[in-house]
2 protein chains.
Amino acid sequence: MTKSQKPVPGRRVRGSATGRPVMVLLDLLGRRWVLRILWELRGPPLTFRALQAACGGLSPSVLNARLAELRDSLIVEQRPDEGYALTRQGRELLTQLAPLTAWSEKWAKSLG
Amino acid sequence: MTKSQKPVPGRRVRGSATGRPVMVLLDLLGRRWVLRILWELRGPPLTFRALQAACGGLSPSVLNARLAELRDSLIVEQRPDEGYALTRQGRELLTQLAPLTAWSEKWAKSLG
DNA sequence: ATTTTTGCTACGATTTCAGTAGCAAGAACA
DNA sequence: TGTTCTTGCTACTGAAATCGTAGCAAAAAT
């Protein structure tokens with residue numbers, strides 16, 4: 001009955017005994033599907049299944065695990081009758097990530 | 001003799017048949033240790049072992065796999081007699097990610 | 001009342017990662 | 001020259017994460 005390790009600032013995480021917030025964040029964001037999930041939630045709220053489809057049909061078990069972590073981290077919230085959405089905080093985080101689109105376009109060209 | 005799947009823009013990746021650059025990037029960045037490795041390379045070049053230590057002693061096999069992917073993606077380069085460093089492109093990418101530190105500080109407080 | 005949709009849980013198969021050991025090549029000594 | 005140390009990396013095994021599919025209970029739609 002091993003519970004998934006939720007990264008919490010102040011507590012040690014993978015590869016960092018200090019628990020510095022940015023390390024915790026990198027640990028959280030570095031888990032599979034997390035960036036993609038945040039990305040797909042940039043628009044209106046999505047239901048569990050819609051989000052699953054948007055992510056190309058990832059396992060519901062993994063999706064559920066990621067959503068639990070993101071809810072615990074107050075980045076994603078579940079709204080009754082609407083579905084999953086970013087919190088205000090989560091939306092700010094996504095804003096920080098937005099320039100990645102532009103960067104990735106240039107990057108793609110450089111890779112031919 | 002299965003080779004590691006390197007994400008390349010234009011080719012389909014996990015959960016995305018389109019191969020849109022940003023999806024490929026999210027796939028790449030979402031792999032374990034990638035964000036952390038980029039982060040640790042924000043300063044001067046690091047040797048393989050120094051980088052390994054900076055990441056808290058991750059497996060050399062995983063580090064080597066990640067470095068191969070990042071080199072193929074022209075984000076990291078290996079400089080003779082210096083070690084591993086970000087390319088110009090990779091440095092730009094890290095710049096996009098820099099605001100995450102500030103965000104993570106606020107985030108940590110909100111979770112406190 | 002029946003069918004659909006939704007939000008999940010269960011479970012076995014596969015892939016990835018962790019952790020340790022160790023080796024070949026080069027540099028630094030001696 | 002021979003020995004020791006460092007460096008970059010490969011090999012191997014066990015543990016953990018993820019995939020892919022099946023399916024179930026509750027709510028909504030028909």
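Tutor: Let us begin with a term. A helix is a DSSP run of H or I with at least four residues, and helices are numbered from the N terminus. The model before us is a predicted one. In it, S104(B) lies in helix α6 of chain B, which covers residues 100–111.

Student: Does S104(B) count as buried or exposed, and why?

Tutor: A residue is called buried when its relative accessible area is under 20%. S104(B) has 0% relative accessibility, and therefore counts as buried.

Student: Which residues does S104(B) touch, leaving aside those up to four places away in sequence?

Tutor: With those sequence neighbours set aside, S104(B) touches P21(A), V22(A) and L25(A). Within chain B, the side chain of S104(B) reaches the backbone oxygen of T101(B) at 2.7 Å.

Student: How many residues of α1(A) are buried?

Tutor: Helix α1(A) is mostly covered, with nine of its nine residues buried. Among them are P21(A), V22(A) and L25(A), the three residues that S104(B) touches. The buried residues of α1(A) pack against α2, α4 and α5 of chain A, and also against α2 and α6 of chain B.

Student: How does one read the pattern of buried residues along a helix?

Tutor: An α-helix has 3.6 residues a turn, so residues three or four places apart point the same way. Let us apply this idea to α4(A). Its buried residues are L63(A), R66(A), L67(A), E69(A) and L70(A). They cover an arc of only 160° around the axis, which puts them on the same side of α4(A).

Student: What do the buried residues of α4(A) pack against?

Tutor: They pack against three helices of chain A, α1, α2 and α3, and against the strands β1 and β2 of that chain.

Student: What span should the 13 residues of α4 of chain A have, and how far apart are its end C-alpha atoms?

Tutor: At 1.5 Å a residue, helix α4 (residues 60–72) should span 18 Å; the C-alpha atoms at its ends are 18 Å apart, so the two values agree. Just after α4(A), L74(A) takes a positive phi of about 60°.

Student: Which residues of helix α6 of chain A are buried?

Tutor: In this helix, residues 100–110, the buried residues are L100(A), W103(A), S104(A), W107(A) and A108(A). Seen down the axis of α6(A), they fall within an arc of 140°, so they line one face of the helix. The face turned away from that buried side carries the exposed residues A102(A) and K109(A). The cover over the buried residues of α6(A) includes α5 of chain A together with α1 and α5 of chain B. Just after α6(A), G112(A) takes a positive phi of about 70°.

Student: Let us turn to the DNA. Which residues are closest to DNA strand D?

Tutor: Here one lists the residues that surround the strand and then examines individual atom pairs. DNA strand D is surrounded by 15 residues, of which R66(A), F48(B), R49(B), N64(B) and Y84(B) are the closest. A polar side-chain atom of R66(A) lies 2.8 Å from a phosphate oxygen of the strand. For Y84(B), an N or O atom in the side chain is 2.2 Å from a phosphate oxygen of DNA strand D. S59(A) reaches a base instead: a polar side-chain atom of S59(A) lies 2.8 Å from a base nitrogen of DNA strand D.

Student: Which element supplies the largest share of the surface near DNA strand D?

Tutor: Helix α4(A) does, with four residues. By class, this surface has six nonpolar, five polar and four charged residues. Of the atoms of DNA strand D within 4 Å of the protein, 51% belong to sugar or phosphate, and the rest to bases.

Student: Which residues come nearest to DNA strand C?

Tutor: Of the 15 residues around DNA strand C, the nearest are F48(A), R49(A), N64(A), Y84(A) and S59(B). A backbone N or O atom of F48(A) lies 2.7 Å from a phosphate oxygen of DNA strand C. A polar side-chain atom of S59(B) lies 2.9 Å from a base nitrogen of that strand. Two or more residues of the surface near DNA strand C come from each of α3 and α4 of chain A and α4 of chain B. The largest share, four residues, comes from α4(B).

How values were computed. Residues are numbered from 1 along each chain as its sequence is written. Chains are lettered from A and ligands numbered from 1 in the order in which they are written. This is a predicted model: local features need pLDDT of at least 70, side-chain atom pairs count only at pLDDT 80 or more; totals for chains, interfaces and linings use all residues. Side-chain values use heavy atoms; hydrogens and water are left out. The expected span of a helix is 1.5 Å times one less than its number of residues. Buried means under 20% relative accessible area, exposed over 50%, partly exposed in between (1.4 Å probe, protein chains only). The arc is that of the directions from the helix axis to the C-beta atoms. Contact means heavy atoms within 4.5 Å. A residue is near a molecule or strand if one of its heavy atoms lies within 4 Å of it. A polar contact is a pair of N or O atoms within 3.5 Å; within protein, one must be able to donate a hydrogen and the other to accept it, and residues adjacent in sequence count only if both atoms are side-chain atoms. Ala, Val, Leu, Ile, Met, Phe, Trp, Tyr, Cys and Pro count as nonpolar, Asp, Glu, Lys and Arg as charged, and the others, Gly among them, as polar.
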